Amino acid sequence: MNNVLDRSQAFTVNGENHEFKFTVKAIIMCEKELENRNLLVTMAGMTNKPLSIGDAYTLFKWGLLGAKQYKENEIEELFIQYIEAIGMVGLQTDLVSAVSKSGLVGNAKN
């Protein structure tokens, strides 16, 4: 029996399905744009305070780009639609789940 790991976090905005997927490349590129340049510190900080809008957009963008190719204007529009439909709390929840599923935190084989 093979175990298949789901390494992505699905979400729906305006009836369209999308997913966040933090590949190694997406994580490296994301860290270059985060305010503190450290994804794990950013994720740990969310337990005490919400993400800045800039870091939220960076994580949103690279989570999407890890799953499939998007154009910059598509990402911006989807981000606005996501925030209007789901809100920042929902975004943080989905991002934490996506990063956890990536294998970055804990054992990547489990």
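Which helix does Glu72 lie in? Glu72 belongs to helix 4, the run of residues 72-85, and I would like to start there, with the reminder that what we are looking at is a predicted model. With a relative accessible area of 41%, Glu72 is partly exposed, and on the surface it gathers with Glu76, Glu77 and Glu84 in a patch of negative charge.

Let me stay with helix 4 and turn to the aromatic side chains. The count of aromatic pairs comes to eight. One of them is formed by Tyr57 and Phe79, whose rings sit 5.2 Å apart, centre to centre, with 90° between the planes, an arrangement that is edge-to-face. This pair links distant parts of the chain, since Tyr57 is in helix 3, residues 53-67, while Phe79 is in helix 4, 22 residues apart. Are these two residues buried or exposed? Both Tyr57 and Phe79 are buried. They also take part in a wider grouping, for Phe11, Phe20, Tyr57, Phe60, Phe79 and Tyr82 form one aromatic cluster.

Helix 3 also holds Ala56, which at 0% relative accessibility counts as buried, because the cut-off for that class is under 20%. If we take Ala56 together with Ala85, the two are 29 residues apart in sequence, and their C-alpha atoms are 15 Å apart in space.

Now to the charged contacts. How many salt bridges does a search of the whole structure find? The search finds one, and it is made by the side chains of Glu33 and Lys61, which meet at 2.9 Å, N to O. Glu33 lies in helix 1, residues 24-33, and Lys61 in helix 3, so the pair ties together parts of the chain that are 28 residues apart in sequence. The two partners differ in their exposure: Glu33 is partly exposed, with a relative accessible area of 35%, whereas Lys61 is buried, with a relative accessible area of 10%.

Next, the backbone, where two residues deserve a comment. As a general point, most residues other than glycine have a negative phi. Asn14, which is not a glycine, nevertheless has a positive phi of about 50°. Where is Asn14 placed? Its place is in the loop between strand 1, residues 9-13, and strand 2, residues 16-20, and at 57% relative accessibility Asn14 counts as exposed, because exposed means over 50%. The second case is Arg37, again a residue other than glycine, with a positive phi near 60°. Arg37 is found in the loop between helix 1 and helix 2, the latter being residues 39-45.

I will finish with the loop that comes between helix 2 and helix 3, which is the place of Pro50. Pro50 is exposed, with a relative accessible area of 63%. How far apart in space are Pro50 and Gln92, C-alpha to C-alpha? They are 8.0 Å apart, although 42 residues separate them in sequence.

To bring the helix 3 part of the talk together, this helix contributes Tyr57 to the pair with Phe79 of helix 4, and Lys61 to the salt bridge with Glu33 of helix 1.

Methods:
Residues are numbered from 1 along each chain as its sequence is written. This is a predicted model: local features need pLDDT of at least 70, side-chain atom pairs count only at pLDDT 80 or more; totals for chains, interfaces and linings use all residues. Side-chain values use heavy atoms; hydrogens and water are left out. Patches are made of residues with over 30% relative accessible area and no salt bridge: like charges are joined within 9 Å, nonpolar side chains (Val, Leu, Ile, Met, Phe, Trp, Tyr) within 5 Å. Accessible areas come from the Shrake-Rupley method with a 1.4 Å probe; for residues, only the protein chains shown count as cover. A salt bridge is a side-chain nitrogen of Lys or Arg within 4 Å of a carboxyl oxygen of Asp or Glu. Lys and Arg count as positive and Asp and Glu as negative; His and the chain ends are not counted. The place of a charge is taken as NZ of Lys, CZ of Arg, CG of Asp or CD of Glu. Helices (H or I, at least four residues) and strands (E, at least two) are DSSP runs, numbered from the N terminus. Buried means under 20% relative accessible area, exposed over 50%, partly exposed in between (1.4 Å probe, protein chains only). Rings of Phe, Tyr and Trp (its six-membered ring) pair if their centres lie within 6.5 Å; planes under 30 degrees apart count as stacked, over 60 as edge-to-face and the rest as tilted.
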